[in-house]
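Trainee: Could you take one part of this structure and walk me through it closely? I would like to see how it connects to what surrounds it.

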Amino acid sequence: MQEQIQQLEERASQRLHEVASLADLEEVRRALLGKKGELTALLRGMGGVAAGERPRMGQLVNDAKLRIEAMLEARGAELTRIARDAALAAEIIDVTLPARAVPFGRRHPLTQTSDDIVRIFSGLGYEVVEGPEVETLYYNFDALNIGPDHPARDEKDSLFISDNLVMRTETSAVQIHVMESRQPPVKIIAPGRVYRRDAVDRTHSAIFHQVEGLLVDQGVTFGDLKGTLTAFLQQLFEAIPGGSSLRTRFRPHYFPFTEPSAEFDISCIFCGGTGCSTCKGTGWIELGGCGMVHPGVLENVRYDSETYTGFAFGFGIERMAMIKFGIDNIRLFYDNDIRFSQQF
Ligand SMILES: [Zn+2]
């Protein structure tokens, strides 16, 4: 019996040494100490031992059981440590690995330009307002002195929704909404989308973006208009070499809602005014329209045109962005090609 106990202990030691996982260890525990385990079988065999020997043998079996349990516990702890070390090694972070580049989004060049325009005019004390993109004929045409026979009302240029509704052709309609709702002084810009029945080509799009500006107060002159636009354009293009010292030019023009009216140009920032392909050899780049608010428009919103004068201007945001970023095709703005937008 004593020999059997000794052999069992040796076998247990050997098997525990070979066990490689905690699951296997549990199996060995059952095989040794479980109900049908080897040690239990040994205890059952006590019946064949002489009565006088039983207490001693019992003691021996019990001591063996305690030692086997201690071995199981030690091996368990060891296996746990090995498993933990392996997990840590697998999860190790190699700080010398180069980081994966996270791609950054970019603001669309039109958004950047629009934000720049808003920032500059905000600095000049202008309030930013918005208006509806679907307008009645009154706001889009009549209130702006564009009479029923004016060519701009022609269905060839405008997108009509019904007899009395049109997709706004200019942001100028916002002027009327603002002036109807408040008394002078008024000092606003209105950026937004406008719609034309235009065929799409390199420089035209049926939908594009405009900024309208309006200032109405006492004693406003054309000189204020020229100074405002010149200061604005020098700031907008200051990042381009020569941009902060560009010159402006105002050419007489006709708009129904301003009198006098003008188109405004900047000295070509690509050739400095000597003439190049961008300015078609003229040394100037056309930017937009402007003028003193027509007294008839002021009367339409019940402002006293004897007391108040004002100026208005409008230009395309696409055109500004094309000059600012050197883009030669308006369609690139709307293609949503990430290779394009990532360049700005
Ligand atoms: Zn030029």
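Mentor: Let's start just after helix H5, where Gly125 takes a positive phi of about 90°. Keep in mind that this is a predicted model, in which local features need pLDDT of at least 70 and side-chain atom pairs count only at pLDDT 80 or more, while totals for chains, interfaces and linings use all residues. Residues are numbered from 1 along each chain as its sequence is written, and side-chain values use heavy atoms, with hydrogens and water left out.

Now step back into H5 itself, residues 109–123. Helices (H or I, at least four residues) and strands (E, at least two) are DSSP runs, numbered from the N terminus. The expected span of a helix is 1.5 Å times one less than its number of residues, so the 15 residues of H5 should span 21 Å, and the end C-alpha atoms are indeed 21 Å apart. Buried residues of H5 include Leu110, Thr113, Ile117, Ile120 and Phe121; buried means under 20% relative accessible area, exposed over 50% and partly exposed in between, with a 1.4 Å probe and protein chains only. An α-helix has 3.6 residues a turn, so residues three or four places apart point the same way. Counting contact as heavy atoms within 4.5 Å, the buried residues of H5 pack against strands S4 (186–195), S5 (207–217) and S9 (309–316), along with helices H8 (222–236), H10 (317–325) and H11 (338–341).

Of these partners, S4 leads into the sheet. It has 8 of its 10 residues buried, so S4 is largely enclosed by the rest of the structure. Two strands pair if DSSP finds at least two bridges between them. Strand S1 (residues 127–128) runs parallel to S4, joined by 2 bridges, and Val128 stands opposite Ile189. With S5, S4 pairs in the antiparallel sense over 10 bridges; there Ile188 faces Leu214 and Ala190 faces Glu212.

Follow the pairing outward and you have an open, mixed sheet of 7 strands in the order S1-S4-S5-S9-S8-S7-S6. S1 and S6 stand at the edges with a single partner strand each, so one side of each has no neighbour in the sheet. At the S6 end, S6 (residues 248–255) and S7 (residues 258–267) pair in the antiparallel sense over 7 bridges, forming a hairpin with 2 residues between them. Phe255 has Thr258 of S7 as its bridge partner.

H5 and the sheet also meet in the largest nonpolar core. Such a core is a set of buried Ala, Val, Leu, Ile, Met, Phe, Trp, Tyr and Cys residues joined through side-chain atoms within 4.5 Å. Among its 42 residues, Phe232, Leu233, Phe237, Leu287, Phe313 and Phe315 touch the most other members. The elements giving two or more residues to this core are H5, S5, H8, S7, strand S8 (284–293), S9 and H10. A second, separate core of 27 residues includes Tyr139, Phe141, Val216 and Phe257. In soluble globular proteins, nonpolar side chains tend to be buried together. Leu287 is a good residue to click on: leaving aside residues up to four places away in sequence, its contacts include Leu233, Phe237, Phe264, Phe315 and Met320.
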